[in-house]
Amino acid sequence: SFFSWEFLAFERWTGTNSQICVLKIGPNGPADTIRHITNTLTQKRNPSISYISIGGPVIRIPCALTIWEEFTAGKWNLFASSYDTITGWSAPYPFDTTAGNKSGVKVYGNAIPNFMITYQKNNDIIFRQFNSQTRQVTYDTNLTATDTGVCSNPYLSAGTYTYLVYERVKSDGKKAIYFRYKTGTTTWNTPDTAAYLGNNIINEIAASNFLYPEVVFQSDRTGKFKLYSTQIY
């Protein structure tokens, strides 16, 4: 109720070409016109967006970041655009164009102008901290570098600690949900399971009042897929 609008990021398709667009959207619909972030003929998909707000009496959004998958150089890479109130949305720039396919990117606003980002690169889970003003990666780690299993679909939540959940393929071909949390700048706990029985698919993770987060997921442990929730700590 404190915001008159927030950001929405989405794909807009014309034939076989796609563009990444952003829109200010309010409680009664669009609050401005659609802004095309991209204008190239490459295929683009799955944008993730986050913003950082500051208080008031009127709460406002001084910076935001959107990252998406784009097929370039024969593989899926990640590109980004930064927002500030002076210059608006920046031209697209590379976020991760190293070897391997990237997917499932999630962006989480931390503290101006810093964002946390997680995504899947091949079969591993990457976590980065990023300054959207300088466009510099300030911390980068592969959280599953020593895990030989297929890991995918990461999600982030932050409060007292930074939590990250992801899916990992088990020996029966189904997926379990694992989590890790960061208690310091670069100190992560060892991986632990949030859900193991059956086949499990993450839907969302969120924390309330900076306490331990809840993971919402689908599981077929009773013979058909149902929705479940579990707290991790």
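This briefing describes selected features of a predicted model, beginning with its largest pocket and moving on to individual residues, strand pairing and backbone geometry. The largest pocket has a volume of about 510 Å³, and strands E10, E14 and E18 each supply at least two residues of its lining. Three buried residues, Thr38, Ser50 and Tyr139, are then taken in turn, followed by the strands E18, E19 and E20 and by several points of backbone geometry.

**The largest pocket**

- The lining of the largest pocket, whose volume is about 510 Å³, is made up of 23 residues, and those closest to the centre of the pocket are Tyr108, Leu156, Ser157, Ala158 and Ile205.
- At least two lining residues come from each of strand E10 (102–111), strand E14 (151–158) and strand E18 (200–206), and the greatest contribution is that of E10, with 5 residues.
- By residue class, the lining of this pocket consists of 11 nonpolar, 9 polar and 3 charged residues.

**Thr38, in a loop**

- Thr38 sits in the loop that connects strand E4 (35–36) with strand E5 (44–54), and with a relative accessible area of 5% it is buried, because the cut-off for that term is under 20%.
- The side chain of Thr38 makes a polar contact of 2.6 Å with the side chain of Gln19, and the side chain of Thr38 also reaches the backbone nitrogen of Ile20, at 2.9 Å.
- When neighbours within four places in sequence are set aside, the residues in contact with Thr38 are Gln19, Ile20, Lys44, Trp68 and Pro92.

**Ser50, in strand E5**

- Ser50 belongs to strand E5 and counts as buried, its relative accessibility being 13%.
- A polar atom of the Ser50 side chain lies 2.8 Å from the backbone nitrogen of Gly109.
- Apart from neighbours within four places in sequence, Ser50 is in contact with Ala64, Leu65, Val107, Tyr108, Gly109 and Phe115; of these, Tyr108 is also among the residues closest to the centre of the largest pocket.

**Tyr139, in strand E13**

- Tyr139 is part of strand E13, and a relative accessibility of 13% places this residue in the buried class.
- The side chains of Tyr139 and Trp188 are joined by a polar contact of 3.1 Å.
- With neighbours within four places in sequence left out, the contacts of Tyr139 are Phe127, Arg128, Gln129, Lys182, Thr185, Thr186 and Trp188.
- Tyr139 and Met116 are 23 residues apart along the chain, and their C-alpha atoms are separated by 9.3 Å.

**Strands E18, E19 and E20**

- Strand E19 (residues 214–219) pairs with E18 in the antiparallel sense over 6 bridges, and E19 is likewise joined by 6 bridges to strand E20 (residues 226–231), again running antiparallel.
- Gln218 in E19 is the bridge partner of Ile201, and the bridge partner of Gln218 in E20 is Leu227.
- In a regular strand, side chains alternate between the two faces of the sheet. Along E19, Val215, Phe217 and Ser219 point to one face and are buried, whereas Glu214, Val216 and Gln218 point to the other face and are not buried.
- The hairpin of E19 and E20 has 6 residues between the strands, and within this hairpin Gly223 takes a positive phi near 105°.

**Backbone geometry elsewhere**

- The peptide bond that leads from Ile112 to Pro113 is cis, with omega near -5°, and Pro113 is placed in the loop between E10 and strand E11 (114–121).
- Asn46, which is not a glycine, nevertheless has a positive phi of about 55°; this residue lies in strand E5 and is partly exposed, with a relative accessible area of 40%.
- Arg135 also has a positive phi, near 60°, in a residue other than glycine; Arg135 is located in the loop between strand E12 (124–131) and strand E13 (136–142), and its relative accessible area of 40% makes this residue partly exposed.

Terms used:
Residues numbered from 1 in each chain as written. Predicted model: local features only at pLDDT ≥ 70, side-chain atom pairs only at ≥ 80, totals over all residues. Heavy atoms only, no water. 1 Å grid on protein atoms, 1.4 Å probe; cavity = no way out; pocket = protein on both sides within 12 Å on 5 of 7 lines; lining within 4 Å. Points joined across faces, edges and corners; volume = space filled by probe spheres on them. Helix = DSSP H or I, 4+ residues; strand = E, 2+ residues; numbered from the N terminus. Nonpolar A, V, L, I, M, F, W, Y, C, P; charged D, E, K, R; others polar. Buried < 20%, exposed > 50% of the residue type's maximum accessible area, 1.4 Å probe, protein only. Polar contact = N/O pair within 3.5 Å; in protein donor to acceptor, adjacent residues only side chain to side chain. Contact = heavy atoms within 4.5 Å. Pairing = 2+ DSSP bridges.
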